[in-house]
Amino acid sequence: MRIEAEPKLDFDDVLIRPKRSRLKSRAEVDVSRTFRMPHAGVEVTGVPVIAANMDTVGTLKMAAALAEYDIFTALHKHIPLEDMKAADISGAFSFVTFGIDDITKIDNVMNTLGSNSINKICLDVANGYTEYFLDFIKRVRDHHPGKVIMAGNVATPDMTEALILAGADIVKVGIGPGSACMTRAMTGIGYPQISAIIECADAAHGLSGFICADGGCKMPGDVSKAFAAGADFVMLGGMFAGHTETLNEEQLAALAENDNQIEYYGMSSEVAMNKYAGGMAKHRASEGRVVRIDYKGDVAHTVQEILGGLRSACTYVGASRLKEFSKRATFVIKK
Ligand code: 5GP
């Protein structure tokens, strides 16, 4: 057994130090970015926040609403192809999610959605550390050389590099920080998220790739901390859950009798397994929890809070563009 004794940091361990600035107002801050994808060779432009590929978050209605703000959505993997094809969603801001799937299924879905200009793939597995997953990324890259591939999750620089070298443009970083996640409790596995972001961003940028910090943001200040740590994209589950855009007619009608609350659950929770996998397999234990959260109304208000908080954070360190934010930011450790 080896111990890494260097302290590792989480969201609650740090604050961003204020610095002198020439900016007069947060209105001057540009929170959009343009990235050139290292493998796909295309540019991606937008506000680099992504709604998580969970069925309580990454819905078609959410994608339509967030695209109004140039914000991205990773559509959850249980949306029927016909619904995605028929939906009025912007290809510029949508990722289509797969697990380790049959490659012909991925080819079929992406070729069908090509006519909706959707060119972004999210390959999502709980444990991105297997050789099998690396081989799978290589296969998807071979079949789709011009598509943007975001893949994960991992939490360490060695594996961030491996995923990029295998063909990922963006690596999804986060093992265990999610608000509906039980991985740390059930397995003891994890890595404090701010340190994971700092270390994985450094590794990805060295190979001209990008990272998406996934999980653990509970409030707008956490989104700012993730960007300050070097995240190129930040994925949000719980913060985007509970909005009108994530609920069907039945759930909306039942709000009053449920004390205005809804269920937000992990995609490997028993609720999700019962819904999509015909129950929990005997060899598994649930690594996702079910939390009840208050209904929050339309997502517009939350978007304004997140982007307002981010603009203000940029102003506090004198960054007129989000791109400069992490270069200007310094963390102070709280204790
Ligand atoms: P949040 O923003 O709610 O803190 O975290 C969202 C992230 O939690 C998702 O994008 C995903 O990476 C992770 N997640 C979602 N469902 C589960 C689950 O059932 N188990 C685990 N370990 N992580 C989950």
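Start by selecting Ser195, Lys8 and Leu9: setting aside residues up to four places away in sequence, Ser195 touches Lys8 and Leu9. This is a predicted model, so keep that in mind at every stop. Now colour the helix around this serine. Ser195 sits in helix H7, residues 193-206. Is Ser195 buried or exposed? Ser195 is buried, because its relative accessible area is 5%, and buried means under 20%.

**Stop 2: a lysine under cover**

Select Lys225 next. Lys225 belongs to helix H8, residues 220-228. Lys225 has a relative accessibility of 9%, so Lys225 counts as buried. What does Lys225 touch, beyond residues up to four places away in sequence? Show Phe11, Val14, Leu15, Ile16, Ile194 and Phe331 as sticks; Lys225 touches each of these residues. Then draw a distance from Lys225 to Thr156. Their C-alpha atoms are separated by 18 Å, with the two positions 69 residues apart along the chain.

**Stop 3: the start of the chain**

Go to Met1. Met1 lies in the segment before strand S1 (14-16). With 99% relative accessibility, Met1 counts as exposed. Add Gly190 to the selection. Met1 and Gly190 are 189 residues apart along the chain, and their C-alpha atoms are separated by 16 Å.

**Stop 4: helix H3 and its cover**

Select residues 103-113, which form helix H3. Which residues of H3 are buried? Show the side chains of Ile103, Ile106, Asp107, Val109, Met110 and Leu113; these are the buried residues of H3. Now bring in the cover. What covers these buried residues includes helix H2 (81-86), strand S5 (94-98), strand S6 (120-124) and H4.

Stay in this part of the chain for one backbone detail. Select Ser117, in the loop between H3 and S6. Ser117 has a positive phi of about 60°, although Ser117 is not a glycine. Most residues other than glycine have a negative phi.

**Stop 5: two packed helices**

Keep H4 on screen and add H5. Helix H4 covers residues 131-143, and helix H5 covers residues 157-166. Two packed helices are described by the angle between their axes and the distance between the axes. Here H4 and H5 pack at an angle of about 30°, and their axes are 8 Å apart. Angles under 35 degrees count as roughly parallel, so H4 and H5 are roughly parallel to each other.

Which residues make the contact? From H4, pick Phe133, Leu134, Ile137, Lys138 and Arg141. From H5, pick Met159, Ala162, Leu163 and Ala166. Colour this contact of H4 with H5 by class: seven residues are nonpolar, none is polar and two are charged.

**Stop 6: more backbone details**

Select Gly152 and Asn153. The peptide bond from Gly152 to Asn153 is cis, with omega near 20°. Asn153 is part of strand S7, residues 148-154. Most peptide bonds are trans.

Move on to Asp70. Asp70 is in the loop between H1 and strand S4 (71-75). Phi of Asp70 is near 65°, a positive value in a residue other than glycine. Asp70 has a relative accessible area of 35%, so Asp70 is partly exposed.

**Stop 7: the second largest pocket**

Switch to a surface view. The second largest pocket has a volume of about 570 Å³. Centre the view on Thr246, Leu247, Asn248, Gln251 and Lys275; of the 26 lining residues, these are the closest to the pocket's centre. Which elements give two or more residues to the lining? Colour helix H1 (60-67), helix H9 (249-253), strand S11 (261-265) and helix H10 (270-276). S11 gives the largest share of the lining, four residues. By class, the lining of the second largest pocket divides into nine nonpolar, nine polar and eight charged residues.

**Last stop: helix H12**

Finish at Glu324, in helix H12, residues 322-328. At 22% relative accessibility, Glu324 counts as partly exposed. Neighbours within four places in sequence aside, Glu324 is in contact with Gly318 and Ala319. Draw a last distance from Glu324 to Val49. The two residues are 275 residues apart along the chain, and their C-alpha atoms are separated by 16 Å.

Key
Residues are numbered from 1 along each chain as its sequence is written. This is a predicted model: local features need pLDDT of at least 70, side-chain atom pairs count only at pLDDT 80 or more; totals for chains, interfaces and linings use all residues. Side-chain values use heavy atoms; hydrogens and water are left out. On a 1 Å grid over the protein atoms alone, a cavity is a set of points where a 1.4 Å probe fits but cannot get out, and a pocket is an open set with protein on both sides within 12 Å along at least five of seven lines; lining residues have an atom within 4 Å of a point. Grid points are joined across faces, edges and corners, and a volume is the space filled by probe spheres set on the points. Ala, Val, Leu, Ile, Met, Phe, Trp, Tyr, Cys and Pro count as nonpolar, Asp, Glu, Lys and Arg as charged, and the others, Gly among them, as polar. Axes are lines fitted to C-alpha atoms, for helices over the stretch in contact, and angles run from 0 to 180 degrees between N-to-C directions. Angles under 35 degrees count as roughly parallel, over 145 as roughly antiparallel, 65 to 115 as roughly perpendicular and the rest as oblique. Contact means heavy atoms within 4.5 Å. Buried means under 20% relative accessible area, exposed over 50%, partly exposed in between (1.4 Å probe, protein chains only).
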